[in-house]
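Here is a short briefing on one protein chain. Please keep the coordinates open as you read.

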Amino acid sequence: DIAAARQAGDLEDGPFAHIASRLEQTLTQQGLTPVGEVGEEFDPNEHEAIMQQPHPEIEADRIAIVVRAGYRFNDRLLRAAQVIVSAGAE
């Protein structure tokens, strides 16, 4: 929810932005890390491909768009990232 609010521009400034940042810092310190970044190689063990489409700048079998971030807690995958995978240039 924090990531969605940030993406919508609701957490750019103000007290809620500060609280969200502090919460994310605390979770990171405890071992929570996001999974799935644009350009990263697609891994079916950590990513859920919901679509594949051509992308002029990202080579095939790499993440073109992260639809929903995934999360890992220490060595355990909590939620796979939902991604759109590049099929390479047209």
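Gly 31 takes a positive phi of about 115°, just after helix H2. The model is a predicted one. The points below start at that helix, then cover the overall make-up, the strands and one loop.

**Helix H2**
- H2 covers residues 15-29, which is 15 residues.
- At 1.5 Å a residue, H2 should span 21 Å. Its end C-alpha atoms are 21 Å apart, so the expected and modelled values agree.
- An α-helix has 3.6 residues a turn, so residues three or four places apart point the same way.

**Overall make-up**
- The protein has two helices and six strands.
- The order from the N terminus is α-α-β-β-β-β-β-β.
- The C-alpha trace spans about 45 × 30 × 15 Å along its principal axes.
- Of the 90 residues in the protein, 24% are buried.
- The protein exposes about 6,400 Å². Carbon and sulfur atoms supply 49% of that area.
- Take the contacts between residues at least 6 apart in sequence: 56% of them join residues at least 24 apart.

**Sheet E2-E6-E3**
- Three strands form an open sheet, in the order E2-E6-E3, with mixed pairing.
- E2 and E3 stand at the edges with a single partner strand each, so one side of each has no neighbour in the sheet.
- From one strand to the next, the twist averages 30°.
- E3 pairs with E6 (residues 81-86) in the antiparallel sense, over four bridges.
- Val 66 stands opposite Val 83 in E6.

**Strands E1, E4 and E5**
- E1 (residues 32-35) and E4 pair in the antiparallel sense over four bridges. Val 35 has Gly 70 in E4 as its bridge partner.
- E4 also pairs with E5 (residues 76-79), again antiparallel, over three bridges. Here Arg 72 has Leu 77 in E5 as its bridge partner.
- Which side chains of E4 (residues 70-73) are buried? Gly 70 and Arg 72 are, and they point to one face. Tyr 71 and Phe 73 point to the other face and are not buried.
- The hairpin of E4 and E5 has two residues between the strands. In this hairpin, Asn 74 takes a positive phi near 55°.

**Loop between E2 and E3: His 55**
- His 55 sits in the loop between E2 and E3.
- What does the side chain of His 55 reach at 3.2 Å? The partner is the backbone nitrogen of Ile 58.
- Leaving aside neighbours within four places in sequence, His 55 is in contact with Ala 64, Ser 86, Gly 88 and Ala 89.

**Loop between E2 and E3: Glu 59**
- Glu 59 also lies in the loop between E2 (47-53) and E3 (63-68).
- Is Glu 59 buried or exposed? Its relative accessibility is 54%, so Glu 59 counts as exposed. The cut-off for exposed is over 50%.
- Not counting residues up to four places away in sequence, Glu 59 touches Ser 86 and Gly 88. Both residues are also on the contact list of His 55.
- Glu 59 and Gly 39 are 20 residues apart along the chain. Their C-alpha atoms are separated by 8.1 Å.

Notes:
Residues numbered from 1 in each chain as written. Predicted model: local features only at pLDDT ≥ 70, side-chain atom pairs only at ≥ 80, totals over all residues. Heavy atoms only, no water. Buried < 20%, exposed > 50% of the residue type's maximum accessible area, 1.4 Å probe, protein only. Contact = heavy atoms within 4.5 Å. Expected span 1.5 Å × (residues − 1). Pairing = 2+ DSSP bridges. Axes fitted to C-alpha atoms, helices over the stretch in contact; angles between N-to-C directions. Areas by Shrake-Rupley, 256 points an atom, 1.4 Å probe, with all protein chains shown as cover. Polar contact = N/O pair within 3.5 Å; in protein donor to acceptor, adjacent residues only side chain to side chain.
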